[in-house]
Amino acid sequence: MKKRILSHLGDISKIHHRAAFADVQHHIDKHKGSNAFVELAAKRFSCREFNHHPVSSAKLAKIVEAARLAPSAKNQQPVHIWVLTSDEALSRIRPIHTMFDAPVVIMVGFSISEGAKRACDGMNWAETDATIAGTHIALAAADLDLGCTWVGSFDPVKIRESFPETEGYEISALFAIGHPSAHAKPSDRHVARKSMEEFSTEL
Ligand SMILES: Cc1cc2nc3c(=O)[nH]c(=O)nc-3n(C[C@H](O)[C@H](O)[C@H](O)COP(=O)(O)O)c2cc1C
(Lines give C-alpha, C1' and ligand atoms only; values in the text may rest on other atoms or scores of the structure.)
Protein backbone atom coordinates (compact mmCIF):
# COMPACT_ATOMS: atom_id res chain seq x y z
CA MET A 1 0.00 0.00 0.00
CA LYS A 2 2.81 2.37 0.96
CA LYS A 3 4.53 1.75 -2.38
CA ARG A 4 1.29 2.41 -4.23
CA ILE A 5 0.76 5.80 -2.57
CA LEU A 6 4.39 6.76 -3.04
CA SER A 7 4.33 5.79 -6.70
CA HIS A 8 1.19 7.87 -7.22
CA LEU A 9 2.75 10.82 -5.50
CA GLY A 10 6.26 10.30 -6.79
CA ASP A 11 5.88 12.42 -9.90
CA ILE A 12 4.52 15.30 -7.86
CA SER A 13 7.27 15.11 -5.24
CA LYS A 14 9.87 15.26 -7.99
CA ILE A 15 8.67 18.75 -8.80
CA HIS A 16 10.43 19.91 -5.69
CA HIS A 17 13.75 18.20 -6.33
CA ARG A 18 14.43 20.12 -9.48
CA ALA A 19 16.23 23.40 -9.05
CA ALA A 20 15.25 24.89 -12.37
CA PHE A 21 11.94 26.73 -12.65
CA ALA A 22 11.54 25.36 -16.19
CA ASP A 23 11.41 21.85 -14.74
CA VAL A 24 8.88 22.91 -12.13
CA GLN A 25 6.79 24.41 -14.91
CA HIS A 26 7.06 21.19 -16.90
CA HIS A 27 5.65 19.16 -14.03
CA ILE A 28 2.93 21.70 -13.33
CA ASP A 29 1.89 21.39 -16.98
CA LYS A 30 2.01 17.60 -16.74
CA HIS A 31 -0.48 17.62 -13.86
CA LYS A 32 -2.82 20.13 -15.47
CA GLY A 33 -6.37 18.85 -15.42
CA SER A 34 -5.53 15.69 -13.48
CA ASN A 35 -6.29 17.06 -10.03
CA ALA A 36 -7.11 20.71 -9.64
CA PHE A 37 -6.03 20.99 -6.03
CA VAL A 38 -2.67 19.26 -6.40
CA GLU A 39 -2.05 21.29 -9.54
CA LEU A 40 -2.75 24.45 -7.56
CA ALA A 41 -0.51 23.37 -4.66
CA ALA A 42 2.28 22.64 -7.14
CA LYS A 43 2.04 25.99 -8.89
CA ARG A 44 1.93 28.11 -5.72
CA PHE A 45 5.20 29.73 -4.68
CA SER A 46 6.17 32.70 -2.58
CA CYS A 47 6.19 35.66 -4.95
CA ARG A 48 8.31 38.60 -3.82
CA GLU A 49 8.23 40.77 -6.96
CA PHE A 50 5.08 42.51 -8.05
CA ASN A 51 4.15 44.82 -10.89
CA HIS A 52 1.98 47.88 -10.36
CA HIS A 53 -1.27 46.53 -11.81
CA PRO A 54 -3.97 46.94 -9.20
CA VAL A 55 -5.71 43.82 -7.91
CA SER A 56 -9.37 43.93 -8.91
CA SER A 57 -11.93 44.16 -6.14
CA ALA A 58 -13.58 41.02 -7.59
CA LYS A 59 -10.38 39.01 -7.05
CA LEU A 60 -9.90 40.45 -3.58
CA ALA A 61 -13.47 39.54 -2.66
CA LYS A 62 -12.79 35.92 -3.72
CA ILE A 63 -9.68 35.76 -1.53
CA VAL A 64 -11.57 37.14 1.46
CA GLU A 65 -14.39 34.67 0.83
CA ALA A 66 -11.91 31.76 0.66
CA ALA A 67 -10.56 32.84 4.07
CA ARG A 68 -14.06 33.22 5.50
CA LEU A 69 -14.90 29.67 4.41
CA ALA A 70 -11.90 28.16 6.22
CA PRO A 71 -12.72 25.61 8.90
CA SER A 72 -12.19 26.48 12.56
CA ALA A 73 -12.38 24.49 15.78
CA LYS A 74 -16.03 24.10 16.79
CA ASN A 75 -16.71 26.60 14.00
CA GLN A 76 -16.05 29.43 16.47
CA GLN A 77 -14.34 31.53 13.77
CA PRO A 78 -12.00 33.51 16.03
CA VAL A 79 -10.32 35.04 12.97
CA HIS A 80 -10.48 38.55 11.56
CA ILE A 81 -8.69 39.89 8.52
CA TRP A 82 -7.77 43.43 7.53
CA VAL A 83 -7.35 44.13 3.81
CA LEU A 84 -4.97 47.01 3.20
CA THR A 85 -5.43 48.64 -0.21
CA SER A 86 -5.42 52.39 0.47
CA ASP A 87 -2.22 54.44 0.29
CA GLU A 88 -2.93 55.51 3.86
CA ALA A 89 -3.10 51.93 5.22
CA LEU A 90 -0.15 50.71 3.12
CA SER A 91 1.97 53.64 4.34
CA ARG A 92 1.42 52.39 7.89
CA ILE A 93 2.66 48.84 7.13
CA ARG A 94 5.72 49.70 4.96
CA PRO A 95 7.93 51.01 7.83
CA ILE A 96 7.28 47.72 9.68
CA HIS A 97 7.87 45.47 6.65
CA THR A 98 8.29 46.46 3.00
CA MET A 99 5.83 43.72 2.00
CA PHE A 100 7.80 43.68 -1.25
CA ASP A 101 5.87 46.80 -2.33
CA ALA A 102 2.81 44.66 -3.01
CA PRO A 103 -0.30 46.70 -3.84
CA VAL A 104 -2.39 44.71 -1.35
CA VAL A 105 -1.54 43.47 2.14
CA ILE A 106 -3.80 41.22 4.17
CA MET A 107 -3.27 40.97 7.92
CA VAL A 108 -4.71 37.88 9.63
CA GLY A 109 -5.52 38.04 13.33
CA PHE A 110 -7.04 35.74 15.91
CA SER A 111 -8.85 36.36 19.18
CA ILE A 112 -7.85 34.00 22.00
CA SER A 113 -11.08 34.79 23.84
CA GLU A 114 -13.11 33.60 20.82
CA GLY A 115 -11.06 30.42 20.24
CA ALA A 116 -12.32 26.93 21.06
CA LYS A 117 -10.34 24.99 23.65
CA ARG A 118 -9.30 21.35 23.65
CA ALA A 119 -11.16 19.59 26.45
CA CYS A 120 -8.28 17.48 27.80
CA ASP A 121 -5.75 20.26 28.37
CA GLY A 122 -7.39 23.60 27.48
CA MET A 123 -5.21 24.21 24.43
CA ASN A 124 -6.65 27.16 22.50
CA TRP A 125 -7.14 26.58 18.76
CA ALA A 126 -7.44 30.25 17.71
CA GLU A 127 -3.95 30.54 16.25
CA THR A 128 -4.36 27.27 14.34
CA ASP A 129 -7.65 28.60 12.93
CA ALA A 130 -5.86 31.77 11.75
CA THR A 131 -3.16 29.65 10.10
CA ILE A 132 -5.79 27.70 8.17
CA ALA A 133 -7.45 30.94 7.01
CA GLY A 134 -3.99 32.15 5.93
CA THR A 135 -3.43 28.99 3.93
CA HIS A 136 -6.75 29.58 2.15
CA ILE A 137 -5.60 33.12 1.33
CA ALA A 138 -2.30 31.94 -0.17
CA LEU A 139 -3.94 29.21 -2.24
CA ALA A 140 -6.85 31.40 -3.36
CA ALA A 141 -4.34 34.01 -4.55
CA ALA A 142 -2.47 31.36 -6.56
CA ASP A 143 -5.76 30.10 -8.00
CA LEU A 144 -6.48 33.64 -9.21
CA ASP A 145 -2.99 33.87 -10.81
CA LEU A 146 -1.92 36.44 -8.23
CA GLY A 147 1.44 36.43 -6.48
CA CYS A 148 1.48 36.08 -2.71
CA THR A 149 4.00 35.74 0.10
CA TRP A 150 3.24 34.77 3.67
CA VAL A 151 5.20 37.09 5.98
CA GLY A 152 5.79 36.11 9.59
CA SER A 153 8.86 38.25 10.35
CA PHE A 154 7.18 41.38 11.68
CA ASP A 155 7.20 43.05 15.06
CA PRO A 156 3.73 42.53 16.58
CA VAL A 157 4.23 45.48 18.94
CA LYS A 158 4.75 47.82 15.99
CA ILE A 159 1.70 46.39 14.23
CA ARG A 160 -0.41 47.08 17.31
CA GLU A 161 0.92 50.67 17.54
CA SER A 162 0.31 51.37 13.85
CA PHE A 163 -3.00 49.52 13.58
CA PRO A 164 -5.10 50.21 16.67
CA GLU A 165 -7.99 48.65 14.68
CA THR A 166 -6.48 45.25 15.57
CA GLU A 167 -7.18 45.67 19.30
CA GLY A 168 -8.37 42.37 20.79
CA TYR A 169 -6.57 40.27 18.15
CA GLU A 170 -3.07 38.78 17.89
CA ILE A 171 -1.67 39.15 14.39
CA SER A 172 -0.71 35.77 13.02
CA ALA A 173 0.53 36.63 9.54
CA LEU A 174 0.77 39.27 6.85
CA PHE A 175 0.23 38.48 3.16
CA ALA A 176 1.78 40.47 0.33
CA ILE A 177 -0.53 40.15 -2.68
CA GLY A 178 -0.37 41.47 -6.23
CA HIS A 179 0.26 40.59 -9.83
CA PRO A 180 3.66 38.92 -10.21
CA SER A 181 6.28 40.95 -12.08
CA ALA A 182 7.63 39.47 -15.32
CA HIS A 183 10.77 38.41 -13.40
CA ALA A 184 9.02 36.80 -10.43
CA LYS A 185 10.11 33.21 -9.90
CA PRO A 186 10.30 30.71 -7.03
CA SER A 187 13.27 31.07 -4.68
CA ASP A 188 15.83 28.29 -4.19
CA ARG A 189 14.01 27.42 -0.96
CA HIS A 190 10.86 26.60 -2.90
CA VAL A 191 12.47 23.62 -4.60
CA ALA A 192 14.33 22.35 -1.51
CA ARG A 193 11.67 19.88 -0.38
CA LYS A 194 12.07 16.75 1.74
CA SER A 195 11.74 13.56 -0.24
CA MET A 196 8.42 11.72 -0.03
CA GLU A 197 10.13 9.06 2.15
CA GLU A 198 11.46 11.66 4.60
CA PHE A 199 8.18 13.49 4.68
CA SER A 200 5.61 10.75 5.11
CA THR A 201 5.23 7.41 6.81
CA GLU A 202 2.41 5.03 6.15
CA LEU A 203 1.62 2.81 9.12
C1 LIG B 1 4.74 30.76 8.86
C2 LIG B 1 5.50 31.31 7.68
C3 LIG B 1 6.24 32.46 7.83
C4 LIG B 1 6.92 33.02 6.74
N5 LIG B 1 7.57 34.21 6.88
C6 LIG B 1 8.20 34.76 5.81
C7 LIG B 1 8.81 36.04 5.92
O8 LIG B 1 8.78 36.68 6.97
N9 LIG B 1 9.43 36.56 4.83
C10 LIG B 1 9.45 35.88 3.62
O11 LIG B 1 10.01 36.41 2.65
N12 LIG B 1 8.87 34.66 3.48
C13 LIG B 1 8.24 34.08 4.55
N14 LIG B 1 7.61 32.87 4.42
C15 LIG B 1 7.67 32.16 3.13
C16 LIG B 1 8.62 30.94 3.22
O17 LIG B 1 9.95 31.40 3.26
C18 LIG B 1 8.36 30.03 2.03
O19 LIG B 1 7.03 29.54 2.08
C20 LIG B 1 9.32 28.84 1.98
O21 LIG B 1 10.65 29.26 1.84
C22 LIG B 1 8.98 27.87 0.84
O23 LIG B 1 8.98 28.58 -0.38
P24 LIG B 1 7.66 28.65 -1.28
O25 LIG B 1 6.58 29.33 -0.49
O26 LIG B 1 8.07 29.44 -2.49
O27 LIG B 1 7.28 27.24 -1.62
C28 LIG B 1 6.90 32.34 5.48
C29 LIG B 1 6.13 31.17 5.34
C30 LIG B 1 5.43 30.68 6.41
C31 LIG B 1 4.56 29.45 6.21
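In this predicted model, four strands make up an open sheet, and walking across it gives the order β1-β2-β4-β3, with antiparallel pairing. The edges are β1 (79-84) and β3 (147-151), each of which pairs on one side only. On average, neighbouring strands of the sheet are turned by 20° against each other, if you ignore direction. As a general reminder, strands of a sheet pair through backbone hydrogen bonds, and that can happen in parallel or antiparallel fashion.

Let's look at β2, which covers residues 104-110. On one side, six bridges tie β2 to β1, and the two run antiparallel. On the other pairing, β2 and β4 (residues 170-178) also run antiparallel, joined by seven bridges.

Here are some residue pairs to click on:

| Residue | Opposite residue |
|---|---|
| Ile-81 | Val-108 in β2 |
| Val-83 | Ile-106 in β2 |
| Gly-109 | Ile-171 in β4 |

So much for the partners; what about burial? β2 is mostly covered, with seven of its seven residues counted as buried. Which residues of β2 point which way? Val-104, Ile-106, Val-108 and Phe-110 go one way, while Val-105, Met-107 and Gly-109 go the other, and all are buried.

That puts a few names in context. Val-108, the bridge partner of Ile-81, points the same way from β2 as Ile-106, and Ile-106 is the residue that Val-83 stands opposite. Gly-109 belongs to the other group, along with Val-105 and Met-107, and its bridge partner in β4 is Ile-171.

Key: Residues are numbered from 1 along each chain as its sequence is written. This is a predicted model: local features need pLDDT of at least 70, side-chain atom pairs count only at pLDDT 80 or more; totals for chains, interfaces and linings use all residues. Two strands pair if DSSP finds at least two bridges between them. Axes are lines fitted to C-alpha atoms, for helices over the stretch in contact, and angles run from 0 to 180 degrees between N-to-C directions. A residue is buried if 20 or more other C-beta atoms lie within 10 Å of its own, exposed if 12 or fewer, and partly exposed in between; C-beta atoms are placed from the backbone.
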